[in-house]
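Me: I would like a close look at a single part of this protein. Please keep it plain and go step by step.

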Amino acid sequence: MTMATPPRLGPLRLRAELTFAAFTPAFALLAVRTYGTWWLWPFVVLAAVGVVLLAVLTLHVRSGNAEPFHFDDVEDRGEDVLGHIGAYLLPVVLDPSAGSREVVITVSALGLIVLIHIATGRVHVNPLVYLAGRRIHTGLRNGSAYYVISRTDPATWAQTRPRFVSVAPSLLVEKKEKA
């Protein structure tokens, strides 16, 4: 796909919220991994915040005003998710019995990954999207690029004319049509 401009980043607060939602499983795994230590509670809080943000996003999409979009070109972005999944490996290698230093190193590494995620605006990179039966694409419309989270195959869009809710500047989520 040839894009005139990359998708816009969106506001910092929204990028941070979507990032925390994307890292919810990593925070939950860290909470399980640090069970029995005082480190458990910060990870429980972060995982809970992520769950709340996912619920708010779901409600926003369900109640949002869906608009039809026609894209000139669409490209699958599934490969972007693979790099994100690497952050989920940090809880696996964490050994909290080795002491606080081990936890601080892991938290620092995950924190750096989260900050990079926010700074680069990769809010569309969320493996939970795939678990929910959606796919991530980049769509080009009138020279503007969008991240598109869809439940249907772009090959059928000319016939089905799906509708999308704007979650952020340049981030669209396909809304399920009521039967």
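Which residue takes a positive phi in the hairpin of β5 and β6, and how many residues lie between the strands?

Reply: The model is predicted. In the hairpin of β5 and β6, two residues lie between the strands. The residue with a positive phi there is Ser-170, at a value near 75°.

Now take the strands themselves. β5 covers residues 163-168, and β6 covers residues 171-175. The two pair in the antiparallel sense, over five bridges. One of the bridge partnerships joins Ala-168 to Leu-171, which belongs to β6.

β5 also pairs with another strand. Two bridges join β5 to β1, a strand of residues 67-68, and the two run antiparallel. Here Glu-67 has Phe-164 of β5 as its bridge partner.

β6 has a further role in the picture, as a part of a pocket wall. It supplies at least two residues of the lining of the largest pocket, as do α1 (12-22), α3 (40-63) and α7 (127-131). The largest share comes from α3, with five residues. In total, 24 residues line this pocket, and Val-173 is among those nearest its centre, together with Leu-57, Thr-58, Val-61 and Arg-134. The space in the largest pocket is about 610 Å³. By class, its lining has 13 nonpolar, eight charged and three polar residues.

Pro-68, for its part, helps to line the second largest pocket, where the other lining residues include Phe-69, His-70, Trp-157 and Pro-162. That pocket has a volume of about 210 Å³. Its lining is made up of eight nonpolar residues, one polar and one charged.

Conventions. Residues numbered from 1 in each chain as written. Predicted model: local features only at pLDDT ≥ 70, side-chain atom pairs only at ≥ 80, totals over all residues. Heavy atoms only, no water. 1 Å grid on protein atoms, 1.4 Å probe; cavity = no way out; pocket = protein on both sides within 12 Å on 5 of 7 lines; lining within 4 Å. Points joined across faces, edges and corners; volume = space filled by probe spheres on them. Helix = DSSP H or I, 4+ residues; strand = E, 2+ residues; numbered from the N terminus. Nonpolar A, V, L, I, M, F, W, Y, C, P; charged D, E, K, R; others polar. Pairing = 2+ DSSP bridges.
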